[in-house]
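Welcome! Take a look at the structure below, and then let us walk through some of its details together.

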Amino acid sequence: MTTETTAQELAQHLDLQASGTPHLRTVTPRAKNPALLVPGALKALPELGKLAHGQGVPATTLELVHLRVSQINGCGWCIEYGMRQARKAGESEDRLASVAAWRESPYLSEAECAAIELAEAMTRLADSAEGVPDAVWDRAAEHWDEKALAALVLHVGVTNLFNRLNVTTRQVPGTW
């Protein structure tokens, strides 16, 4: 979720998701998004997501990180949403297309790559005995100060939360 998303917009989007809107692959939601059902969640989750912004990490980097985490988790709703938000923020198609293969991308900066690498390690905690390996953290710390690293960690955590809510309840991508 981005700072532009209000609780009312989110409610409208999530309500449409659970309405059974036809989809090319006929994805059928299991349930409404939990943010609609748990009192206070609809207000709290977007507010939590906003906290990472303005902490030293460019919004475009946060969008790229959101996209990569959502790709890893297979969250179609968040990928589609993230692509729209990134395009609105001025991201190019070349940069967006390169996120899935960021290690080979000539379009991303070293700092962006370090943020994406950290996001991948955080999202795939079980893939390393260390959780997030020191080498990954150290590469990120070469580009981001403590406050920006905290914002990245929070942003990845919130993105993973949204991914897990949407994937578990089978929210339909592209429903707004």
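## A patch of charge

Which residues gather in a patch of negative charge on the surface? They are Glu130, Asp134, Asp138 and Glu142. Keep in mind as you look for them that this is a predicted model.

Let us pick out one of these residues, aspartate 138. You will find aspartate 138 in helix α8, which covers residues 134-141. Its relative accessibility is 45%, so aspartate 138 counts as partly exposed.

## The overall layout

Now step back and view the whole chain. It contains 9 helices and 0 strands. If you read along the sequence, the pattern is α-α-α-α-α-α-α-α-α.

How much of the chain counts as buried? The answer is 46% of its 176 residues.

## Salt bridges

How many salt bridges does the structure hold? There are 8. A good one to start with joins lysine 50 and glutamate 47, where the closest N and O atoms are 3.1 Å apart. That distance fits the rule, because a salt bridge needs a side-chain nitrogen of Lys or Arg within 4 Å of a carboxyl oxygen of Asp or Glu. Where do these two partners sit along the chain? Both belong to helix α3 (residues 41-50), and because they are 3 residues apart there, about one helical turn separates lysine 50 from glutamate 47. Lysine 50 is partly exposed, with a relative accessible area of 26%, and glutamate 47 is also partly exposed, at 40% relative accessibility.

Another salt bridge links arginine 87 to glutamate 93, with 2.6 Å between the closest N and O atoms. Arginine 87 has a relative accessibility of 40%, so it counts as partly exposed. Glutamate 93 counts as partly exposed too, at 45%. Next, try finding arginine 95 and glutamate 91, whose side chains meet in a salt bridge of 2.6 Å from N to O. Are these two buried or exposed? Arginine 95 and glutamate 91 are both buried. Salt bridges can also share partners: in this way Arg68, Arg103 and Glu120 are joined into one network.

## An aromatic pair

Rings deserve a look as well. A pair of aromatic rings is described by the distance of the centres and the angle of the planes. The count for this structure comes to 1 aromatic pair. Tryptophan 77 and tyrosine 81 form this pair, with 5.1 Å from centre to centre and 10° between the planes. Why is the pair called stacked? Planes under 30 degrees apart count as stacked, and the pair of tryptophan 77 and tyrosine 81 has 10° between its planes.

The two residues lie in helix α5 (residues 76-88), and because they are 4 residues apart, about one helical turn separates tryptophan 77 from tyrosine 81. Both tryptophan 77 and tyrosine 81 are buried.

## An unusual backbone angle

One last stop concerns the backbone. Most residues other than glycine have a negative phi. Arginine 170 is not a glycine, although it has a positive phi of about 55°.

Where does arginine 170 lie? Look in the segment after α9 (146-168). At 41% relative accessibility, arginine 170 counts as partly exposed.

Terms used: Residues are numbered from 1 along each chain as its sequence is written. This is a predicted model: local features need pLDDT of at least 70, side-chain atom pairs count only at pLDDT 80 or more; totals for chains, interfaces and linings use all residues. Side-chain values use heavy atoms; hydrogens and water are left out. Buried means under 20% relative accessible area, exposed over 50%, partly exposed in between (1.4 Å probe, protein chains only). Patches are made of residues with over 30% relative accessible area and no salt bridge: like charges are joined within 9 Å, nonpolar side chains (Val, Leu, Ile, Met, Phe, Trp, Tyr) within 5 Å. Accessible areas come from the Shrake-Rupley method with a 1.4 Å probe; for residues, only the protein chains shown count as cover. Lys and Arg count as positive and Asp and Glu as negative; His and the chain ends are not counted. The place of a charge is taken as NZ of Lys, CZ of Arg, CG of Asp or CD of Glu. Rings of Phe, Tyr and Trp (its six-membered ring) pair if their centres lie within 6.5 Å; planes under 30 degrees apart count as stacked, over 60 as edge-to-face and the rest as tilted.
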